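Me: I have a model open and want the labels on it justified. Take me through the reasoning, briefly.

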Amino acid sequence: MATMSACFEVCSLPSSTRLLGVEPMCGGENIIVTTEKSVRVYRVRDQKLLHTWSIRQQGGQLTSPALYNPRTEEFIVLMNKQTICLWTKDLEHLSKCTKVTVKKPISHLKLLPDADPILVFDGGSPWWLPCITAAPDTAVLDVLDIEEELVWCDVTGRGEGVLAVCVSKEVKTDTQSYTAYLCELLPGNQDTPDYQTLQLTPPDNTSTLLCCCLEEHLLSVWSCGSVCSHSLDSSLAAVEDEGVVVPGNVLHKLDLPKGGDSGVSMVMLGPHHVGLAMEGKETVQIWDTKFWTLQADRSLQDVPGTGVEKLYRYGDYMIVARQTSVAALSFSIQPTSLAAVMGKQTAEAVTLVPQDWGGPAKKRRHLSTESSALLQKLLDPQQTRDLPSFEQVFSQLKTDRETLSSPAAVCQLTQRVVTEERFWARSTLAELVETGLLSGSSSPGLFERVEKENDVALWRSCLLHVKDIPEASLVARVQYLLGLDDSLLEPASADVPMETAEQDIPTCPLSAAKAALLDQVLCRSYSGLFLQDSLAELQFSQVMMFLRYLHYKLTSAPAPSQGNQGKVVSVDQVVDWLCALVDAHFTQLVLTPESRDVLLGLHEVVRQRLQFYQGLNDLDALLAQLKDKSPPLVTKKQDESLYSIRTIQIF
Amino acid sequence: MGELKLHDVRFFRFMPKAIHSIAHQHTTNRVAVSRSDGSIEIYSINDNWYQEKLICGDAGRSVEAMVWVGQRLFSAGLHGDIIEYDMTKLTPKYAVDSYGGAVWCMAANNSQSTIAVGSEDGCVRLFEVTEGELSYSRAFKKQEERILSLAWHESGEVLVTGSCDNIRVWDVATGLPTLRIKVERLVRTRETIVWCVAILRDFTIVSGDSLGKTRFWNGKHGTLIQSHHCHKADVLSMCVSKDETLVWTAGVDPKAIRFEKVAGKDEGSRASWVRHNVAKRHTHDVRALVNTGEYVVSGGVDMTLVAMPVGKLGKQSRNILPFPQRRLVHVAETARTLLFQYQTRLELWQLGNTAAVSGMPDARLPINQEPVSLLDLKTKNMKQIVCSAVSGCGTWVAYGNAQHVRLFHLPKEEGVKVKVQRVRCLPIDLRPAHHMIFTHNASGLVTATNQGAVQFLRVDAVHPVLVHTFVPPESGAPPTPISALAVSSDSQWIAAAHLDCSVHVYNVKARKHQCSLPKHPSLVSAMNFHPTEPWLMVVHASQQFFEYDVLESEYTDWSRTVQRQGLHQEWLKRLEVVTQVAYNPANPTQILLQDQRMFCIIDKDKKLPRPGSQFYSREKLMRMDPAVREENRHAFAVCRGYRALLHVSFLEDGAELVAVERPIKAVTDKLPPTLSQKRFGT
């Protein structure tokens, strides 16, 4: 299995210069983009240009992608094939860099992690860079014959040393022959290295080599579409001989676009995966090399630029060098099995974590292994069977602050506590609730369990801290409160007037403590429609009680204002609840005689309110007239006069 | 930084024109927008929607339809000609008669070899696009009604046209209609006009008509698949996404409605088109709608170009103001006069004055001298002005149209308000200009010619002399137009920024090319020289800016510091392109940058805003406690609160600023009434 994220552009390139290559820097976070005239360092994460160096003088031209050697913290690039330029990050002009000129043209610069850079000369012989910089006049022997031409070269780590593989092409009459030169370099070895040759046979006589990549075997793509694997077993190779002929093992026939002779690019992504891009197709593909099945395919049409020049891989990114831009995409691969290829294995939901490329990098929260082990322990009913053991593990877990700020962990823990029948971990639950990370939908059964334990203090805390409680749950809370025995409640400090002197104002039907709690429920956000559906579930006696309370609230609640939203019940919230309640139980209320006096009282209040608002309406008309007549206040935004002079202060 | 006196000028009555058509160039991602005065603007989407080119219109030329063929742009209109434009000179290259009168619609086939033109006489004509030419190929069978819309099938073998009351499908090989779909009328006497058609790969025809209906037809049998009555009035424009699963329509009712193809629930059932969402970004008729892949670009009578991102949530849509992203206002710093460039006339105003020395911050000062109009200069034959300039002393005014450069002398005489003399004997070699600027001492006029060269003219009331023509160094590629021009105050250096992103600096005294700046991938939108040092400040469309020492051929230390630290995200996030940059003549450490919504004064001595820190604008800083303000202030003093700022510059003493704004409301008030719609309660 393999997946790729959407492709995004890292940088665009001026169309006039040719891209030489892209190389990683600092473990793949930054990339070095080299064109013939300039070296630029971009940060992939936010596509920011960090450094740029360019060649000024005429005639100078870069000939290899620039490398960054983390050991010496130096950039290395080749200029005009024979000059090695070395410089550090702080250099301002490329003209001031350290230059080493050698006698023979250099073809490639290569770098493996934890090793010195390697130079590969046009003649095919690889050298350690320090050897050459220390003694630029070292005689370099050509490995290739004169007719041969170096077409591809790469290095790979082998044991302590490095194996350099160069593939050369020799044009004979109407056939082409390809030879691979294997050369093992040992660190610190300054002698001319020995080499072995292998003759690569093309799958058919007319096809040419398009691209290679190196793993244990040498994978190559030929113009006939064949993908071949050549074994690089050094025991086969003969030292400085004609070269042992290695037959290519044709693995797969690719469907190459017709007429395209050059544009295939391949990169190793893992032990059994390669990334592949073909000219003429604006896609990047991931192939499995074990079974040669297409694993993933991603179109590049969203990214500006055309064609695919070359693919690179750094860490979890594939970098796509295009004609006018450099793009990147992240990928993930899983080991392939035959079952997966046959479609027998159900693919696990492999999702790439979407990353916010525009903004600053998000820190992904990872629980430490220790914490996740503790968490597992807490979640497993078998491991924490009783309250003391549970609380002990929890107190250990609490030391890691990260855990209690992870919503997933808090939700899981809450579920465990709520569903645990054998013990009641109240203090743990109280702490979990106070994190404020729980929401109504992610903690089903929380209120029910707290209500079952008759723990009013915790219940109140839940109501304060749990976000987004659904309407059905709110109504269930009201139901619970209305049925709650007053003895369970400690006398609240809330100053609900129990009795009032005037006759026409109804008295509060509930105790002060209960009313305070009910107000908290009423303050929560709701949608009227869902409320009505849920309110239909209430028993009639509760409806009456609730109706009386709302009636009382309607006479005493303050008018809506922005300041105390969510703390004190305002009139419009009361009206909303009232409407929903009356609507939900309308028939029953009309038919039952005992509700009559409440409804009549309610009507009286509503009528009074209406009268009051009508009065406000009149006042509004009066004030509006006044506003129309008075000249408008001139503010800077509205100032539309044709000409004005003002002083501005610049800070 | 101190106090500045700001003149807020709002009497520049520039009236932008309505958008008539939009065409998208796929390979370079550019958009051509034509306006009702026949002018064409070309925007580079990749380069922050920078208005790269402006092709001036002509009174006798209308642009109803545009087509890109490769990099070549063709237009056609009601005057009955098909015109190809020279993209370097920014003028029409040649015109081909449509042979059928007014052209209503035009489209190129998928292989971009043929252009089909639908015209007044009811004939579809094909024109072959050849190297450097457009040649008439043949005509289809004539129909009665004029052809108002047409579209090619992807195969290039089938063409569909829309006209009054019917839609026809044509076989391109024979030129005969294969199908005629009759569109019903709502009222028997009023014909239904098919304003826009499209044909998809599977031969589904989409049409938008004057009844406000968007309909999907089976193009093989001519049967109606679906009809959506979503618009309250005519559907004028339509575009289809590349994968043909989305269709957008808009029209007189300025909503842009998106239709999405939804696959049937079962295996065999047919896919249906579902009305998806509605965007109301315009106030008036939407005349043109184009899908660029990333955006849906729309424009119409309300003149604003709107780019709505396709499918990407959270990406905000962009409104591109209808004002050209180039200098329309020129200030004579010493003479305190303003030159306003309208489409076909110039106005010269004397700036007002105040006696007050200073006042409360942001409070108005009493004006003791109102601004006075000095001159109103109309061009001959209503030719559109490409560029203009006024010298610092206010005695010289020049303008250029597509053919000529004209120079006027305004000698100062006692008792006369202003006297204009046209300088007649201009050198023959003086080429038509795209940009022009007077040198600081008013002895020379520097013009950017339409062939990418720079000319230096010694100004004289009797006999001006062309001193030298600076040609950009050979690079192999053909010369590109100049996008910005600057001349140093000692008249020694001239800098010209080209549309291929190169900037060349010329030495006037030595009459040679001095150096070229390192290429930045984004276009130069504004640049200017330091008043005393040979430093060139270059601002790019990507919001980056650099200061370059032309003598030493390197970036200045301050510029390096800025680049090393990186510009603040808040600065880079701005959508508008900086159209002007200037140094404070009294205090050159202050640099003024202006775009259409704000201006900003950068003080080089102040610390740069750290990336990640809060980026406070001037208005926010003003409201702060002085101690807190001291902590938070930074080098960028941003003055927001403008909606269409056209020009800001310093006057000579450096203590006064002139800001020319065109209030959007004044522009929209002059628009025709919108479609009246019954709203609840009205």
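Me: What share of the 682 residues of chain B counts as buried?
Reply: The share is 46%. This is a predicted model. Each residue in that share has 20 or more other C-beta atoms within 10 Å of its own.

Me: How many helices and strands does chain B have?
Reply: Chain B has 5 helices and 57 strands. Of its contacts with a separation of 6 or more, 49% join residues 24 or more positions apart.

Me: How do you know what span to expect of helix H9 (residues 471-482) of chain A?
Reply: H9(A) has 12 residues. The expected span takes 1.5 Å times one less than the number of residues, so 16 Å is expected here. From first C-alpha to last, the helix reaches 17 Å, close to that value.

Me: Which residues of H9(A) are buried, and what covers them?
Reply: Among them are Leu474(A), Val475(A), Val478(A), Leu481(A) and Leu482(A). Glu471(A) and Arg477(A) are buried too. The cover includes helices H7 (446-452), H10 (512-523), H11 (528-535) and H12 (540-556) of chain A.

Me: How many residues of chain A are in contact with chain B?
Reply: 19 residues of chain A are in contact with 41 of chain B. Strand S31 (643-650) of chain A gives the most to its side, with 8 residues. That side divides into 8 nonpolar, 5 polar and 6 charged residues.

Me: Why are S31(A) and strand S1 (residues 2-9) of chain B called paired?
Reply: Pairing needs at least two bridges, and 8 join these strands, so they qualify. They run antiparallel. Tyr643(A) stands opposite Val9(B) in S1(B).

Methods:
Residues are numbered from 1 along each chain as its sequence is written. Chains are lettered from A and ligands numbered from 1 in the order in which they are written. This is a predicted model: local features need pLDDT of at least 70, side-chain atom pairs count only at pLDDT 80 or more; totals for chains, interfaces and linings use all residues. Helices (H or I, at least four residues) and strands (E, at least two) are DSSP runs, numbered from the N terminus. A residue is buried if 20 or more other C-beta atoms lie within 10 Å of its own, exposed if 12 or fewer, and partly exposed in between; C-beta atoms are placed from the backbone. Two residues are in contact if their C-beta atoms, placed from the backbone, lie within 7 Å. Ala, Val, Leu, Ile, Met, Phe, Trp, Tyr, Cys and Pro count as nonpolar, Asp, Glu, Lys and Arg as charged, and the others, Gly among them, as polar.
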